[in-house]
Amino acid sequence: MITSTLIFRQLFEARSSTYTYIIGCAATRKAAIIDPVLETVERDAKLISQLDLDLQLGLNTHVHADHVTGTAALAKIFPSMRSCLSDESGAKADRLLAHREKVKVGRLEMQCRHTPGHTNGCSSYVLDSEGLVFTGDALLFRGCGRTDFQQGDASRLYDSVWNEILSLPDNFSIFPGHDYNGHMSSSVREEKKFNPRLTLEKKKFIELMNNLKLDYPKQIDRALLANMKNGEM
Ligand SMILES: N[C@@H](CCC(=O)N[C@@H](CSS)C(=O)NCC(=O)O)C(=O)O
């Protein structure tokens, strides 16, 4: 997608079902990448170069438990790129972002909103001018991130999603960190109406989240070790 100000790509990494996003400013060619995956760094770097973009920011929505972030590897290819992460994450990054802090991508401005609950250091990135929000694992298509490890907390997640994401205008598009069923995006209007977890009352939501009984992600040991250090292996 290219508008007069925005260059936008959604990319997929199949092993962990992760979405990576490229956000570029059409006027200045400055760009950011959200949640790159180590295994697809070469693909992403090639696309960034072909689009004639100058990668400035590598934004991680949180310390991922299911894949190794590509930010350290991308910084070797694009030396001016700076990695970013919530200042509540306890992990390493070039820039630690406070709640509501803004980052610039050329003439575009994104706001970091802390949305803890899946992990204590989760954040979503709001691109207000274009009506887009990148929710990482806080809010997924008709779902949400699990809350059973990494300081997960269902009560905090419920408040984060309702106060910081679903409080955005109804027509905002939601771009999640993963999808396991082939969906690519959603909207605030849709998730407020159809999300089977978040439309529950808070007590029922907490009960449901505390009893999901999901298997641990296959790459969890390798991923947590590396992602606490910005993806350095
Ligand atoms: N099978 C996958 C891991 C699947 C998983 O646990 N996904 C997480 C996000 S990555 S930590 C999640 O929050 N899922 C929510 C849900 O309801 O499924 C693997 O082995 O990597």
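Start at the ligand: select Ser16, Ala65, Asp66, Asp137, Gly143, Gly145, Arg146, His178, Leu214, Pro217 and Lys218, the residues around it. Keep in mind as you look that this is a predicted model. Colour the shell by class and you will find three nonpolar, four polar and four charged residues.

**The whole chain**

Now zoom out and switch to a cartoon view. You should be able to pick out six helices and 14 strands. Along the principal axes, the C-alpha atoms fill a box of roughly 50 × 40 × 30 Å. How does the radius of gyration fit a compact globule? For 233 residues such a globule would come near 17 Å, and the chain has 16 Å, so the two agree. If you colour by burial, 49% of the 233 residues count as buried. Contacts are worth a thought here too: counting those with a separation of 6 or more, 62% join residues 24 or more positions apart.

**Strand S4 and its partners**

Next, select residues 54-59, which make up strand S4. Is this strand mostly covered or mostly open? It is mostly covered, with five of its six residues buried.

Add residues 30-34 to the selection to bring in strand S3, which pairs with S4 in the parallel sense over five bridges. Show Lys30 and you will see it standing opposite Asp54 in S4. To follow the chain from S3 to S4, trace it through helix H1, residues 41-50; this β-α-β crossover is right-handed.

Then select residues 82-86, strand S5. S4 and S5 also pair in the parallel sense, here over three bridges. A good pair to display is Gly58 and Ser83, since Gly58 stands opposite Ser83 in S5. The path from S4 to S5 runs through helix H2, residues 71-77, in a β-α-β crossover that is right-handed.

**The six-stranded sheet**

For the next stop, find the open sheet of six strands, whose order is S7-S8-S9-S10-S13-S14 and whose pairing is mixed. Which strands stand at its edges? Select 102-105 for S7 and 186-187 for S14: each has a single partner strand, so one side of each is left without a neighbour in the sheet.

Finish inside this sheet with strand S8, residues 108-114, and strand S9, residues 123-127. These two pair in the antiparallel sense over four bridges. Display Gln111 as your last stop, and look across to Val126 in S9, which stands opposite.

Methods. Residues numbered from 1 in each chain as written. Predicted model: local features only at pLDDT ≥ 70, side-chain atom pairs only at ≥ 80, totals over all residues. Buried ≥ 20, exposed ≤ 12 C-beta atoms within 10 Å, placed from the backbone. Pairing = 2+ DSSP bridges. Right-handed = clockwise from strand over helix to strand, strands pointing away. Near = placed C-beta within 6 Å. Nonpolar A, V, L, I, M, F, W, Y, C, P; charged D, E, K, R; others polar. Rg over C-alpha atoms; globule rule 2.2 N^0.38 Å. Contact = placed C-beta atoms within 7 Å.
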